[in-house]
Amino acid sequence: MSGAARQVVARVLAGRGAQARESATVYAPANIALVKYWGKRDEALNLPVTGSLSISLGPLGSHVTLGRWAGAADDAMWLNGEVLPAESSFARRASAYLDLFRPAADFRFELRARNTVPTAAGFASSASGFAALAKAVDALFGWGLTERELSILARLGSGSAARSLADGFVEWHAGVAADGMDSFAERLAVTWPELRVGALVVSAAEKAVGSRAGMRQTVETCEFYREWPARVARDLADLKGALEKKDFAALGAVAEGNALAMHALMAATRPPLVYALPETVAAMRSIWAARGAGLALWFTMDAGPNVKLLFEAKDEADVRALFPGVQVVAPFAGEDKL
Ligand code: DP6
């Protein structure tokens, strides 16, 4: 982690102590962006070029228990009950992040992470993972940070993690400050209990070019990237209008259009980034055909071939008939009493 990230941590913690309790257990939900984050203005702090807006996935996310590990040279880590070798990419990324919070050079963490995000469902677990890690260090050391401060800390691990501190619809403000203290996410007041998100798994294979490298290549080589900030500003305004009016067709149109615009940038990147597989395109065509026949079904996609469906509870049977393998999430389940 960079010196700039360390300075942000020092600023957020503002001299708070580092008395670790025995252990702390926390949870953070995964999220899917409806208006995407693609491109950074600062790579060390994961500061985005634009704002973005996501929906948190309620019960799908990361449970993390963090404590002090007595002994050994490395942090000790388990993922879904299995020991993680220190040289695995997950352990290295998590340890590098935990370095930001290590109270002494010989302090070792014990980390047990359990993802309820089905690993093969094509939902990213890095957002919920880093958000849970930020919450876990806060709880372990008893700092009592605000959600906004936790969002800033989670962002240092992965940009989209800034949006995984809250439930519901969450907006990440791009901010303008060089140190990113104004680049955090917060929940919008709207709830939409009927909203459903479906995961269509086209391929569970690891992608060739991840988001981090992919967005850097786009910013560096895509000549249309300069159009993206204005497009995102429009999409954010339209999506917030749709949420206010509870206009599902407008929500779906903004989300699908924004995802396709991001994939157009990716395709115009050199070398080209094309994440869609033939099955991805076939799913898109089925969605468009079903919509043409009257079904209120839209989709979004991230930096991979899997498709996330957006629809409302009343259409779930029709969506399942069209895509029998779909895994359905109700983002507002558990908030029925709101
Ligand atoms: C396509 O948050 O994974 O999912 O900040 O480099 O860790 P880093 O990137 P990451 O990028 C997510 C990109 C996306 C769109 C989104 O979630 O907004």
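Select Arg 196 to begin: this residue is buried, with a relative accessible area of 15%. The structure on screen is a predicted model, and residues are numbered from 1 along each chain as its sequence is written.

**First stop: the salt bridge of Arg 196**

Keep Arg 196 displayed and add Glu 316. Their side chains meet in a salt bridge, with 3.7 Å from N to O. Arg 196 belongs to strand E10 (residues 195–200) and Glu 316 to helix H9 (residues 316–322), so the pair ties together parts that are 120 residues apart in sequence.

**Second stop: the sheet around E10**

Now display strand E10 together with E11, E12 and E13. These 4 strands form an open sheet in the order E11-E12-E10-E13, and the pairing is antiparallel. Strand E11 (298–300) and strand E13 (327–329) stand at the edges; each has a single partner strand, so one side of each is left without a neighbour in the sheet. On average, neighbouring strands of this sheet are turned by 30° against each other, direction ignored.

Next, restrict the view to E10 and strand E12 (residues 307–312). The two pair in the antiparallel sense over 6 bridges. Which residue in E12 is the bridge partner of Leu 200? Selecting Val 307 shows that partner.

**Third stop: the helices on the sheet**

Add helix H7 (residues 248–267), which lies across E10, E11 and E12 and runs at about 35° to E11. Then add helix H8 (residues 278–292). H8 also packs on the sheet, where it touches E10, E11 and E12, and its direction makes about 155° with that of E11.

**Fourth stop: Asp 315 and Lys 314**

Select Asp 315 and Lys 314, which form a salt bridge whose closest N and O atoms are 3.0 Å apart. Is each partner buried or exposed? Asp 315 is buried, with a relative accessible area of 10%, whereas Lys 314 is exposed, at 64%.

Lys 36, Asp 302 and Lys 308 may be selected next: salt bridges that share partners join these residues into one network. The structure holds 13 salt bridges.

**Fifth stop: Glu 43 and Arg 216**

Select Glu 43 and Arg 216, whose side chains meet in a salt bridge of 3.1 Å, N to O. The pair links distant parts of the chain, 173 residues apart: Glu 43 is in the loop between strand E2 (40–42) and strand E3 (47–48), and Arg 216 is in helix H5 (residues 211–221). Glu 43 is partly exposed, with a relative accessible area of 41%. Arg 216 is likewise partly exposed, with a relative accessible area of 34%.

**Last stop: Asn 46**

Remain in the loop between E2 and E3 and select Asn 46, which is also placed there. Is Asn 46 buried or exposed? Its relative accessibility is 2%, so Asn 46 counts as buried.

Two polar partners deserve display. The side chains of Asn 46 and Lys 40 are joined by a polar contact of 2.7 Å. In addition, a polar atom of the Asn 46 side chain lies 2.8 Å from the backbone oxygen of Arg 155.

To complete the view, show the residues in contact with Asn 46, leaving aside its neighbours within four places in sequence. Among them are Tyr 37, Leu 156, Gly 157, Ser 158, Gly 159, Trp 172 and Arg 212.

Definitions and conventions
Predicted model: local features only at pLDDT ≥ 70, side-chain atom pairs only at ≥ 80, totals over all residues. Heavy atoms only, no water. Salt bridge = Lys/Arg side-chain N within 4 Å of Asp/Glu carboxyl O. Buried < 20%, exposed > 50% of the residue type's maximum accessible area, 1.4 Å probe, protein only. Pairing = 2+ DSSP bridges. Axes fitted to C-alpha atoms, helices over the stretch in contact; angles between N-to-C directions. Contact = heavy atoms within 4.5 Å. Polar contact = N/O pair within 3.5 Å; in protein donor to acceptor, adjacent residues only side chain to side chain.
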